[in-house]
Amino acid sequence: MTCSSFGKCGSCVLWQMPYEKQLEMKSERLKEMFGEFEMPELEVIHGSDEHFRARAEFRVWHEGDKSYYAMRKRKEDGRGVIPIEECKIVDKAIYDIMDPLIKEIEKNENLRFKLYEIDFLSNSKGELIITLIYHKKVDESIADDIKKLKDKFKNADFIVRKKGRKYVFDKNYLIEELKINDKIYKYKIIENTFSQPNRGMNQKMIEWALRNSKELKGDLVELYCGNGNFTIPLSENFRKVIATEINKESIEAATFNADINGRENITFLAMSAAEFSALKKEKSPLLASYDLKNVLIDPPRAGLDDKSREFVNLFDNIIYISCNPETLKRDLKTLAKGRKIKAFAFFDQFPYTEHMECGVVLERVNG
Ligand SMILES: C[S@@+](CC[C@H](N)C(=O)[O-])C[C@H]1O[C@@H](n2cnc3c(N)ncnc32)[C@H](O)[C@@H]1O
């Protein structure tokens, strides 16, 4: 991939390295990092290296009567943001609308004045939620100007945000369709709640988790389930699933998603991983009817807190999806004791960046 913002934008830090080399470099780094554990061969799973991001956030830069998208500067160039001409990592629907949208905004002083940030969320059908974030007082009167944008960009809904206030024109969610092993799953994804940024890689991650949970017996517990991204397809491999997540809106979406996909064996609960972990599997009546041998976790960058790690350590089989190899390594120091690491995958969710997403499957060794 080439991009006219390469070398200026602080997002694609590996812009000088061909994609194949990036994969090689990151794989070697992971093998080295996890060298102290008995790891199986690293499975390297990647997708397209351009137009892969289904959500993206840009600052807005105003100069004279022109407005531009802006990204943070490269570390070497100091603090602050720089205007960018294009962004090739965002998916095609976002890429195609970026330029005409900013030109339309430029023409309208009410929309343009103190516009600070524009966020995009897209689905596989090319529908968009576009969030305009302001540093000024905004009220309902902006509706007429947003209507003009909606007339022009028929595939987009708009949200206007200002500290503490939010106006939605006309909805704040998309219905995403993911193709997992030739089957289509539908998901409601809500603006400003977590959704996987790389659609293509997300599909491959779910397929990997399905493959690696196929032979597991018993029920499944899931912590950090978000909108049910993994839960819904994986529920087909288990008798019953209990899935938890801290964000109430995500849990509402997950419940809706189970329904539209016809999955009836899942219970979703809005609670933190630590709160749920405190229920302790043997003692809580809530968990009494579950045969709890398997757990799936997909925590934020901080990894597992102490209580959740202790809880996860009670299970025979652990599927750990991690967006931070440092905290994965820390957690494995506990979880790999008395367990065999059966699978180790690197999902290249974030080409051109240093970020690495991993998947690890652990199985208790008898005796
Ligand atoms: C990396 S995302 C994964 C979500 C989901 N598995 C997916 O694939 O879309 C991590 C999720 O953990 C949730 N979360 C963050 N802190 C949490 C906590 N302390 N307890 C439970 N969930 C938490 C976030 O809201 C987010 O949905």
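These questions and answers concern a predicted model.

Colleague: Which helix gives the most residues to the largest nonpolar core?
Modeller: The largest nonpolar core has 78 residues, and F58, L101, I118, F120 and I130 have the most contacts inside it. At least three residues come from each of domain 1 (19-49 + 198-364) and domain 2 (55-174). The helix that gives the most, with 7 residues, is α2 (residues 92-106).

Colleague: Which residues is L101 in contact with, leaving aside neighbours within four places in sequence?
Modeller: L101 is among the residues with the most contacts inside the largest core. Once neighbours within four places are left aside, its contacts are Y69, I118, F120, I130, L149, F153 and F158.

Colleague: How many residues are in the second, separate core?
Modeller: Nonpolar side chains tend to be buried together in soluble globular proteins. Here a second core, separate from the other, includes Y187, F230, A258 and I266. Its number of residues is 32.

Colleague: Which residue caps the N-terminal end of α5?
Modeller: Helix α5 (residues 199-213) reaches 21 Å from its first C-alpha to its last, close to the 21 Å expected. Its buried residues include R199, M201 and W208. At the N-terminal end, a side-chain oxygen lies 3.3 Å from the backbone nitrogen of G200, and the residue it belongs to is N198.

Colleague: Is S5 buried or exposed?
Modeller: S5 is in the segment before α1 (19-33). It touches I84, E85 and E86, not counting residues up to four places away in sequence, and its C-alpha is 6.3 Å from that of E86, 81 residues apart along the chain. Because its relative accessible area is 2%, under the 20% cut-off, S5 is buried.

Key:
Residues numbered from 1 in each chain as written. Predicted model: local features only at pLDDT ≥ 70, side-chain atom pairs only at ≥ 80, totals over all residues. Heavy atoms only, no water. Core = buried A, V, L, I, M, F, W, Y, C linked by side-chain atoms within 4.5 Å. Buried < 20%, exposed > 50% of the residue type's maximum accessible area, 1.4 Å probe, protein only. Helix = DSSP H or I, 4+ residues; strand = E, 2+ residues; numbered from the N terminus. Domains from an automatic or database assignment. Contact = heavy atoms within 4.5 Å. Expected span 1.5 Å × (residues − 1). Polar contact = N/O pair within 3.5 Å; in protein donor to acceptor, adjacent residues only side chain to side chain.
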